[in-house]
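Me: I'm new to this structure and would like a close look at a single part of it. Could you pick one residue, tell me where it sits, and then work outward to the rest?

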Amino acid sequence: MFNLNGKKGLVVGVANNHSIAYGCAKAFNICGAELAITYLNDKAEPHVRPLAELLAAPLILPLDVEQEGQLEAVFEAIKEKWGHLDFLVHSIAFAPKEDLHGRVVDCSREGFMRAMDISCHSFLRMAKLAEPLMVNGGTLLTMSYLGADEVVENYGMMGPVKAALQASTRYLASELGPNGIRVHAISPGPLATRAASGIAHFDNLMREAEERAPLHRLVSIDDVGALAAYLCSDVAKTLTGGTIFIDGGFHIVGG
């Protein structure tokens with residue numbers, strides 16, 4: 001697809017072989033990049049490690065962004081192994097179920113803060129740690145959704161959280177651009193991932209997306225991976241700050 005030979009990248013968010021992050025990791029591997037891949041905890045490791053080993057990832061590391069020091073340890077391991085970093089993918093999000101399934105106006109302060117910390121602020125923290133390692137420039141990618149731009153039924157409090165993530169992407173692109181660091185939010189259409197399964201009536205959302213999208217098809221994790229590989233390649237060296245939709249055109253048809 002695109003030449004990533006010699007590039008080093010960090011992929012955060014692989015949970016299983018249906019994860020968007022895994023689709024990205026596969027594409028990076030095909031394009032010649034060397035990867036560091038993280039897993040959430042001991043329970044997740046048996047599902048993630050075989051996938052990372054399949055991609056010959058030399059760094060397979062634990063990362064729970066809520067655990068003090070774990071994120072810093074990941075970047076220290078990258079520094080020791082490679083000395084630099086060319087790209088990273090932030091593909092993690094979380095909201096407590098009791099807040100996610102209720103009205104936005106009813107969400108708890110604690111639930112909203114936790115969702116913002118894991119889903120948005122963790123990207124800012126990664127950017128800060130990545131900046132000194134991106135000595136030759138680089139690319140930071142995160143994952144958003146249409147519910148950040150318009151009201152999507154049952155998406156709830158994740159809409160405001162993803163909107164904050166997209167705004168953060170623009171500010172990061174502005175601040176890090178002088179250092180040659182490009183920043184994007186990728187906004188895929190609905191995908192049957194483990195994270196999506198927490199959204200009420202998600203099957204209905206997928207069916208509507210396929211019926212109403214101009215291309216009348218759903219995207220796959222491989223489609224998202226191909227886009228991520230493009231954005232991390234030198235072909236996309238003049239692009240930054242965007243929210244890039246990959247949803248068969250569903251975002252243009254309105255709610």
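Reply: Ala167 sits in helix α6, which covers residues 158–176. Keep in mind that this is a predicted model. So is Ala167 buried or exposed? Neither, quite: its relative accessibility is 23%, so Ala167 counts as partly exposed, given that buried means under 20% and exposed means over 50%. Now look across to Ala185: 18 residues separate Ala167 and Ala185 in sequence, and their C-alpha atoms are 9.5 Å apart in space.

From there, step to a histidine. His184 is part of strand β6, residues 181–188. With a relative accessibility of 2%, His184 counts as buried. What does His184 touch, once residues up to four places away in sequence are set aside? The list has Leu140, Leu141 and Thr142, then Thr169, then Leu231, and finally Leu239, Thr240, Gly241, Gly242 and Ile244.

Next comes Ile186. Not counting residues up to four places away in sequence, Ile186 touches Leu141, Thr142, Met143, Ser144, Val224, Leu227, Ala228, Leu231, Ile244 and Ile246. Leu141 is on the list for Ile186, and Leu141 is on the list for His184 too.

Ile186 also takes us into the largest nonpolar core. That core has 37 residues, and Ile186 is among the members that touch the most others, along with Val11, Phe28, Leu35 and Ile37. Which elements give two or more residues to this core? They are the helices α1 (20–30), α2 (45–54) and α8 (221–232), plus the strands β2 (34–39), β4 (87–90) and β5 (138–143). There is a second, separate core as well, with 31 residues, including Leu10, Ala77, Ile78 and Leu85. As a general background point, nonpolar side chains in soluble globular proteins tend to be buried together.

Have a look at α1 while you're here. This helix is mostly covered, with 8 of its 11 residues buried. The buried ones are Ile20, Ala21, Tyr22, Gly23, Cys24, Ala25, Ala27 and Phe28. Just after α1 you meet Gly32, which takes a positive phi of about 100 degrees.

Further along is Pro58, in the loop between α2 and β3 (59–62). Its relative accessible area is 32%, so Pro58 is partly exposed. Setting aside neighbours within four places in sequence, Pro58 is in contact with Glu34, Leu35, Lys81 and Trp82. Pro58 and Lys81 are 23 residues apart in sequence, with 8.8 Å between their C-alpha atoms.

Then there's His84, found in the loop between α3 (70–81) and β4. Apart from neighbours within four places in sequence, His84 is in contact with Lys8, Ile78, Leu133 and Val135. One of these, Ile78, is included in the second core. For another distance, take Ile118: His84 and Ile118 are 34 residues apart in sequence and 25 Å apart in space, C-alpha to C-alpha.

Two backbone spots deserve a glance. Most residues other than glycine have a negative phi. Asn154, though, has a phi near 75 degrees, a positive value in a residue other than glycine. Asn154 lies in the loop between β5 and α6, and its relative accessible area of 29% makes Asn154 partly exposed. The other spot is His216, with a positive phi of about 50 degrees although it is not a glycine. You'll find His216 in the loop between α7 (202–212) and α8, and with a relative accessible area of 51%, His216 is exposed.

Now zoom out. How many helices and strands does the protein have? There are 8 helices and 7 strands. The radius of gyration is 17 Å, close to the 18 Å that the globule rule gives for 255 residues, so the protein is as compact as a globular protein of that length. Its C-alpha atoms fill a box of roughly 45 × 40 × 35 Å along the principal axes. Buried residues account for 52% of the 255 residues. Among contacts between residues at least 6 apart in sequence, 76% join residues at least 24 apart.

As for the outside, the accessible surface comes to about 11,800 Å², and 52% of that belongs to carbon and sulfur atoms. The protein has 21 positive and 29 negative charges, and their mean positions are 3 Å apart.

Note on methods
Residues numbered from 1 in each chain as written. Predicted model: local features only at pLDDT ≥ 70, side-chain atom pairs only at ≥ 80, totals over all residues. Heavy atoms only, no water. Helix = DSSP H or I, 4+ residues; strand = E, 2+ residues; numbered from the N terminus. Rg over C-alpha atoms; globule rule 2.2 N^0.38 Å. Buried < 20%, exposed > 50% of the residue type's maximum accessible area, 1.4 Å probe, protein only. Contact = heavy atoms within 4.5 Å. Areas by Shrake-Rupley, 256 points an atom, 1.4 Å probe, with all protein chains shown as cover. Lys, Arg positive; Asp, Glu negative; His and termini not counted. Charge placed at Lys NZ, Arg CZ, Asp CG, Glu CD. Core = buried A, V, L, I, M, F, W, Y, C linked by side-chain atoms within 4.5 Å.
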